[in-house]
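Visitor: I'm new to this molecule. Please pick one part, give me a close look at that part, and then show me what lies further along the chain.

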Amino acid sequence: MEYALTATKNEARAGSYYDRIARFYDLTFKINGYGRSLDKYFENHPLPVSRGAKILDAGCGTGLLTLAMLRAIRFPVAITALDLSSTSLEAARKSLYYSPGRKRDVTFAQGNLLSLPFADDSLDLVITSGALEYVPLADGISEIARVIAPGGHLLHLPIHPSVAGTFLEIVFRFKSHPPKEVKDKTERHFRIVHQYRFPPPQVLGWSKTAILAQKV
Ligand SMILES: C[S@@+](CC[C@H](N)C(=O)[O-])C[C@H]1O[C@@H](n2cnc3c(N)ncnc32)[C@H](O)[C@@H]1O
């Protein structure tokens with residue numbers, strides 16, 4: 001079955017798809033407790049950043065992960081939230097406006113994660129969830145690795161094989177990458193610090209894991 005909106009540097013149809021479904025996506029993931037799961041995860045696994053850190057949320061969508069990061073980080077940082085979809089970015093802007101916290105820490109950018117608008121080795125942390133599934137994995141991970149400074153981190157929340165994952169693949173038209181491929185491609189650039197399974201009572205645990213990796 002072909003339902004992947006696989007992107008290249010020059011063509012990324014996922015952007016226009018999310019322009020149509022951003023509101024549906026945002027509502028679905030607000031209802032399923034995604035934000036609460038992220039809050040618990042960040043509480044138990046503090047993000048490896050310090051004051052002033054430069055952070056990218058690659059494929060930020062409607063900003064759910066960006067906002068969870070802002071809730072978790074108690075000091076000023078500089079977060080760029082980047083996505084292909086202007087409608088999703090608009091929803092993210094609105095959610096940030098209505099959320100408590102340091103709004104000035106976040107800048108939005110429209111762009112393709114296969115061609116990031118950052119210099120080599122310039123970021124301390126890249127966090128990404130649900131976006132690498134829309135690109136060839138090796139290309140996405142190596143572009144992300146390019147912009148992370150040595151010693152900096154990638155936090156990747158990939159979809160793992162499951163019934164819920166297959167359901168999401170069909171609804172959101174992506175193709176998840178096999179866990180072994182995710183591990184191998186990550187280890188080309190990074191040392192894996194931890195792999196985490198969200199507990200099954202949390203809806204996020206039905207389809208997602210978290211991989212924290214440090215650039216070598
Ligand atoms: C499943 S949503 C995830 C959104 C957000 N990261 C979250 O966790 O809620 C996927 C997002 O990835 C974006 N996306 C897909 N391919 C992309 C690419 N090549 N560059 C940037 N964003 C991309 C889509 O526009 C969409 O907003």
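**A close look at helix α7**

Guide: Let's start with the packing: the buried residues of α7 (179–187) lie against α5 (137–147), β6 (190–197) and β7 (209–215), where a contact means that two C-beta atoms, placed from the backbone, lie within 7 Å. Keep in mind that this is a predicted model, in which local features need pLDDT of at least 70 and side-chain atom pairs count only at pLDDT 80 or more, while totals for chains, interfaces and linings use all residues. Residue numbers start from 1 along each chain as its sequence is written. Helices (H or I, at least four residues) and strands (E, at least two) are DSSP runs, numbered from the N terminus.

Which residues of α7 are buried? They are V182, K185 and T186. "Buried" here means 20 or more other C-beta atoms within 10 Å of a residue's own, "exposed" means 12 or fewer, and "partly exposed" is in between, with C-beta atoms placed from the backbone. These three residues sit on the same side of α7, because they span an arc of only 100 degrees around the axis, taken from the directions from the helix axis to the C-beta atoms. An α-helix has 3.6 residues a turn, so residues three or four places apart point the same way.

Just ahead of α7, R173 is in the loop that links α6 (163–172) to this helix. R173 isn't a glycine, yet its phi is positive, near 55 degrees. It counts as partly exposed because it has 19 C-beta neighbours inside 10 Å.

Now hop over to β6, one of the elements that α7 packs against. Q195 belongs to this strand, and leaving aside residues up to four places away in sequence, it touches T209 and I211. Q195 has 17 other C-beta atoms within 10 Å, so it is partly exposed. Look for K9 as well: 186 residues separate it from Q195 along the chain, and their C-alpha atoms are 29 Å apart.

Next stop, some other strands. β1 (residues 54–58) and β2 (residues 78–83) run parallel, joined by five bridges; strands pair if DSSP finds at least two bridges between them. Within this pairing, I55 is opposite I79 of β2. From β1 the chain passes through α3 to β2, making a right-handed β-α-β crossover: with the strands pointing away from you, the path from the first strand over the helix to the second runs clockwise. β2 also pairs with β3, again in the parallel sense and over five bridges, and here L82 is opposite A109. Helix α4 (residues 86–98) joins β2 and β3 in a right-handed β-α-β unit. As for cover, five of the six residues in β2 are buried.

After β3 (106–110) comes a loop leading to β4 (123–129), and A119 is in this loop. A119 is exposed because it has 10 C-beta neighbours inside 10 Å. D121 shares the loop between β3 and β4 and, though not a glycine, has a positive phi of about 55 degrees.

Last, the ligand: 24 residues surround it, the closest being A14, G59, G61, G130 and Y134, where a residue is near if its C-beta atom, placed from the backbone, lies within 6 Å. α1 (14–31) and α3 (64–72) are the elements that give two or more residues to this shell, and α1 has the largest share, with four.
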